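This report introduces a protein–RNA model to a reader who has not met it before. The sequence and structure are shown first, and a description follows.

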Amino acid sequence: VFTYTILAKGLCDTSRTDRALELLEEMRLQGCNPNTVTYNTVIYGLCKFDNVEAAEQLVQRQMPGDGCVPNVITYNSLIDGLCKVGKIESALKILKDMEEKLIPGPDTTSFNTILDAFCKEGKLKKAYKIMEHMKSIGHACNVVSYNIVLGGLAKLGRISEARRVLEEMVANNIAPNVVSYNILVDGMCREGMVYDANMILKAMRTNGIKPDTITYSTILDGFCKRGKIAQARELLGEMLREGLLLNTVTYNILIQSVSKEGRISEAEKLLQKMRQRGLTPDTITCNIMIQSLCKNGKVDKAIQVMDSMWVQGTDAI
RNA sequence: UAGCGACUCCUAUCU
């Protein structure tokens, strides 16, 4: 069963969910019936592939036949799948069922999934309501719950409110993590508050949270987008001194920055460095390079770059 | 009593 489940996951991860469904059939023929974990794997895959109906069919039709009982994870996957296709109402129904019938009872993840759905739609009032509901039934929020809400606020540019939520976390003895801070920093940068973001970075250190590549990349991008090259350089130096490595996204930010200034050769140098460090340019790298060349009227050069990308390898297919 | 499978939620870069 283990082996088959791993295989099922492999198929699902490569979006070949139809093959995964066939695999379930094959397992039964081999007398090696899938268990709940196997089902969860496939259900999760179907949900990620926006095929919630098929996932629900599995739960209702096939699982009982194999004597499998859906667990929290099964339902959480369904809830997530429903939310991602915009059917929050149906998702709420499942959650309610779980609460009332305790088929299994919901866990924090169940609530978080719904929270995330509301926050992604900018419906913070509903999100707050869910949080209150959780509290009223004695279900604790965790870091992720708060991070989801922080993300919702940050995306709406409600920075001061986000700051308050962060303080509330601390007051509730839920320690903010790197992600919490990164969300806040990102929101600030989008609102043009790059310097405030830089302050947060310093505050992180004093709070014992190590800023990571994402923290630095976010602020770097903020500086670059506003032409604050000197500050960007300084930050980059800081980042390297901390022993952090640049990843593809960081390079993309830098390449875009120098490209905007029309420094094409500089961009190419960065691209080379990137490869030397074993990083593969992705779709975004290609787009940045090609766009900047075309804007400078160097269409031929753009085609040349595209070809070389192809030859030297890229994740952009 | 430890070591293998699921899964469940959050953050950065182009268009």
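## Helix pairs and the RNA surface

Helices α10 and α11 are roughly antiparallel to each other. This description rests on a predicted model. Helix α10 covers residues 159–171 and helix α11 covers residues 178–190; their axes come within 10 Å and cross at roughly 165°. The cut-off for calling two helices roughly antiparallel is an angle over 145 degrees. The crossing in which α10 passes α11 is left-handed. On the α10 side, the contact is made by I159, A162, R163, L166 and M169, and on the α11 side by S180, Y181, L184, G187 and M188. Sorted by class, the residues of this contact of α10 with α11 are seven nonpolar, two polar and one charged.

A second helix pair is formed by α5 (residues 72–84) and α6 (residues 88–101), whose axes come within 7 Å and cross at roughly 160°. With that angle, α5 is roughly antiparallel to α6. The crossing of α5 and α6 is left-handed. From α5, the residues V72, Y75, N76, L78, I79, L82 and C83 meet I88, S90, A91, I94, L95 and M98 of α6. The contact of α5 with α6 comprises 11 nonpolar and two polar residues, with no charged residue.

A third pair joins α16 (residues 264–276) and α18 (residues 299–312); here the axes come within 13 Å and cross at roughly 5°. That angle makes α16 roughly parallel to α18. The residues in contact are E268, L271 and R275 of α16 together with K301, V305, S308, M309 and Q312 of α18. By class, the contact of α16 with α18 has three nonpolar, two polar and three charged residues.

The model also contains RNA strand B, which is surrounded by 44 residues. The closest of these residues are Y44, I73, V144, N252 and N287. Of the atoms of RNA strand B that come within 4 Å of the protein, sugar and phosphate account for 46%. Which helix gives the largest share of the surface near RNA strand B? That helix is α3 (residues 36–48), which supplies six residues. Divided by class, the surface near RNA strand B has 15 nonpolar, 20 polar and nine charged residues.

Several side chains place a polar atom beside a base oxygen of RNA strand B, as the table lists for N112, N147 and N287.

| Side chain | Partner in RNA strand B | Distance |
|---|---|---|
| N112, polar atom | base oxygen | 2.8 Å |
| N147, N or O atom | base oxygen | 2.7 Å |
| N287, N or O atom | base oxygen | 2.5 Å |

N287 thus appears in two places: among the closest residues to RNA strand B, and in the table with a side-chain N or O atom 2.5 Å from a base oxygen.

Notes
Residues numbered from 1 in each chain as written. Chains lettered and ligands numbered in written order. Predicted model: local features only at pLDDT ≥ 70, side-chain atom pairs only at ≥ 80, totals over all residues. Heavy atoms only, no water. Axes fitted to C-alpha atoms, helices over the stretch in contact; angles between N-to-C directions. Helix = DSSP H or I, 4+ residues; strand = E, 2+ residues; numbered from the N terminus. Parallel < 35°, antiparallel > 145°, perpendicular 65-115°, else oblique. Left-handed = near helix turned anticlockwise from the far one by under 90°. Contact = heavy atoms within 4.5 Å. Nonpolar A, V, L, I, M, F, W, Y, C, P; charged D, E, K, R; others polar. Near = heavy atom within 4 Å. Polar contact = N/O pair within 3.5 Å; in protein donor to acceptor, adjacent residues only side chain to side chain.
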